[in-house]
Amino acid sequence: MQVNEQRLNAFLGKAVGDLGAAVSAVLVSIGDELGFYKALAAEPLTANELAVKTGTNERYVREWLANQAAGGYVEYDPATQQFSLSPEQALCLANPNGPADVPGAYAIVRNLFHIRDRALENFRSGQGMEWGEHHECLFHGTERFFRASYNANLLSSWLPALDGVVGKLQQGARVADVGCGHGASTILMAQAFPQSTFVGVDYHDASIETARKRASEAGVTNVSFEIADASSYNGGKYDLIAFFDCIHDMADPAGAARHARESLNAGGHAMVVEPFANDRIEGNLNPVGRVYYGASTLICVPVSMAKQGPALGAQAGEQRLREVFIDQGGFTKMRRATETPFNLVLEARP
Ligand SMILES: C[S@@+](CC[C@H](N)C(=O)[O-])C[C@H]1O[C@@H](n2cnc3c(N)ncnc32)[C@H](O)[C@@H]1O
């Protein structure tokens, strides 16, 4: 085997970039928690000024800032020795209500280190790991990371892409948000459509407790939450049943689809939001696929395998989801309503 020096250097360059990102993961999480990004978004600061402003130690702050500037997460002006965030960096790093919450995603990464030894054992034993067995930073990170994409897309493009759903919601519809986690999507929809009633369903009791708290803090009254499995929640007939980034996690996705089919009115809609994926592995070998396959290996596949599920994985793809909803779930039609670089939005009809 002959080593090609150019290809060797190209691979090492990539690996060093990845190593820098991996080492910096904990630093992003620390900067987020200590309020560094928010402080820098407000004004350019020297290391000492940032330390004073955030009540932290200057020596650590200086080293953190140099790491962040080397990685392109903050800007540095050698003339003033001040660090700052560009408007784009501020939007992604310091705005919890913006269209991307990068530190929120790093809370998910933080969880992966917590469960690393258990994951290693699972590789050997083939056992799974329930959603509720993860560190709580996963639940908060998921809420933050996904909420950003709901803020950016749900009301403006995903719901309007479904056939006639916005009109129904404006007039007053019954909606279930299954696998709702902390209820970010449920609350956003409930605020936008006060004539409709929303039920968030999740089998993880701690997530439902937080969802109830979030709804009460937001002052929304047309929303309630139920601790239940996706294949057995109550409530009779719904006009819309939504699954946001959860069907692939489930131990019985076909059972969830069947229950949705039975719980929908004849003219109802199921909205299935899933991570963007092509049907074949070679179509997903890109940066977004890399993130999703990683999270899938350590979070999504084990959640389904905890109860001997089919482990669809976070890159299931449209074809596999059609099998779940049409062949196994009894829906008659399914189409791709819209998509973003991170999400597929599918509409299924009874
Ligand atoms: C990736 S999280 C998404 C949470 C939420 N939809 C969001 O977008 O923030 C997946 C959620 O599915 C829930 N889940 C997994 N299997 C479930 C099941 N069988 N029944 C109900 N919820 C389930 C988990 O508890 C978790 O809250």
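Colleague: Which residues are the closest to the ligand?
Modeller: This is a predicted model, where local features need pLDDT of at least 70 and side-chain atom pairs count only at pLDDT 80 or more, while totals for chains, interfaces and linings use all residues. Residues are numbered from 1 along each chain as its sequence is written, and side-chain values use heavy atoms, without hydrogens or water. The ligand has 18 residues around it (a heavy atom within 4 Å). The closest are Tyr150, Gly179, Asp202, Ala230 and Phe244.

Colleague: Good start! Which element gives the largest share of the shell around the ligand?
Modeller: Helices here are DSSP runs (H or I, at least four residues), numbered from the N terminus. One of them gives three residues to the shell around the ligand, the largest share. That element is α8.

Colleague: How far is an oxygen atom of the ligand from an N or O atom in the side chain of Tyr150?
Modeller: Look for Tyr150, one of the closest residues to the ligand. This pair is a polar contact (N or O atoms within 3.5 Å). From the ligand oxygen to the N or O atom in the Tyr150 side chain is 2.4 Å.

Colleague: And which residue has a polar backbone atom 2.9 Å from a nitrogen atom of the ligand?
Modeller: Gly179 also offers a polar backbone atom to a ligand nitrogen, but that distance is 2.6 Å. The residue at 2.9 Å is Ala230.

Colleague: Lovely. What share of the ligand's exposed area does the protein bury?
Modeller: Taken alone, the ligand exposes 590 Å² (Shrake-Rupley method, 1.4 Å probe). Of that area, the protein buries 96%.

Terms used
Polar contact = N/O pair within 3.5 Å; in protein donor to acceptor, adjacent residues only side chain to side chain. Helix = DSSP H or I, 4+ residues; strand = E, 2+ residues; numbered from the N terminus.
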